[in-house]
Amino acid sequence: MQNPKVSICIPFKNTAHFLPECLDSILNQTYQNWEILAINDHSNDASFEVLRTYADKDERIQVFNNKGQGIIPALRTAYGQSSGEFVTRMDSDDIMKPNRLEFMVNCLLKSGTGHVVVGQVKYFSDRGISNGYERYETWLNQLTAKGENYNEIYKECVIPSPCWMAYRKDFEACGGFTPDRYPEDYDLTFRFYENGLKIIPCDEVLHLWRDYDTRTSRTHEHYAQNYFLDIKLHYFLKLDYDKSRPLVVWGAGFKGKTIAKNLKKQEINFTWLCDNPNKIGKKIYGKSLVHFKALDNLDNPQSIVTVANEDAQKEIRAYFDQLSQQPMHDYFFFC
């Protein structure tokens, strides 16, 4: 395959202010065999007019109205109009580094099907980046540099959306944009993992994430914490949970309680551990909390860890090491 076409799916809604910078970053790519499928998700600003102006000047840019409502229907609408051998997406408020497409195309051509290529990312903002976002960026880029993203898939979304690219065949085998499960980028990440797509490492920044108060991932309910927890538990039970082994939940904060409640709802038995003396022995949702040393008496358990404190996480990891238990087999950090 020589000079394959890349389909770039771009949902947009009320981002007229950012669209020129986004679109110019694609026009200025070192790799030029691409098509843009831009989908207007019911904008009430000048976004559609901005896209139409660009589309009138470049036939590679096509603009459509969303057949449904929201990002997932918009992505489906875009993909339905696409024809490229390779598939990627773009957020209408972000910026591509000039070599992003060329780097990704070359990686996929070299590695072949069965792979997904990702790139490192960097936040930018007029008002500065919070410590939390800086830490997420650093953590994600460290995984991406080694292609070890799946190793911590239950913590956060480990594919830097929208900075990925895949063969059309592989993308469709993973279900494409079909599922209605939000957050859609995290769900797609789990489906890449489920279908065994190997991650091609990347040691350079290819994508710039714009942060601002009204960004969708900050404001929409679909990106609230409970949605992330639902996805984590859904795929853990589907892909990594061994029903023949006792299940353990660590922690009784918001995340621990949410996981415990969902397990009870699904009638899945578990042991609930914590190290808070004020909670040990108490019942929550009819389930008694016990001291974490109870893990020693369980036969080959699997643990979901919902403890967020980093120092506590280090202690928990050390405890697992003492028991010769392995990450992503015996224990899974959910935060």
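**Exercise 1.** In this predicted model, determine whether E152 is buried, partly exposed or exposed, and then examine its pairing with K155.

*Solution.* Step 1: E152 has a relative accessibility of 22%. Buried requires a value under 20%, and exposed a value over 50%; E152 therefore counts as partly exposed. Step 2: K155 stands at 15% relative accessibility and therefore counts as buried. Step 3: the closest N and O atoms of K155 and E152 are 3.6 Å apart. The cut-off is 4 Å, so the two residues form a salt bridge.

**Exercise 2.** State which residues are joined into one network by salt bridges that share partners.

*Solution.* The network consists of R89, D91 and E184. A search of the whole structure finds 15 salt bridges.

**Exercise 3.** Describe the pair K5 and E35: its distance, its location in the chain and the exposure of each residue.

*Solution.* Step 1: the side chains of K5 and E35 meet in a salt bridge, with N to O at 3.9 Å. Step 2: K5 lies in the segment before β1 (6–12), while E35 belongs to strand β2 (residues 34–40). The two are 30 residues apart, and the pair links distant parts of the chain. Step 3: K5 is partly exposed at 26% relative accessible area, whereas E35 is buried at 5%.

**Exercise 4.** Carry out the corresponding analysis for E310 and R135.

*Solution.* Step 1: a salt bridge joins the side chains of E310 and R135 (2.1 Å, N to O). Step 2: E310 is in helix α11 (residues 310–322) and R135 in helix α5 (residues 131–146), 175 residues apart. Step 3: E310 is partly exposed at 45% relative accessibility, and R135 is partly exposed at 45%.

Terms used: Residues are numbered from 1 along each chain as its sequence is written. This is a predicted model: local features need pLDDT of at least 70, side-chain atom pairs count only at pLDDT 80 or more; totals for chains, interfaces and linings use all residues. Side-chain values use heavy atoms; hydrogens and water are left out. Helices (H or I, at least four residues) and strands (E, at least two) are DSSP runs, numbered from the N terminus. Buried means under 20% relative accessible area, exposed over 50%, partly exposed in between (1.4 Å probe, protein chains only).
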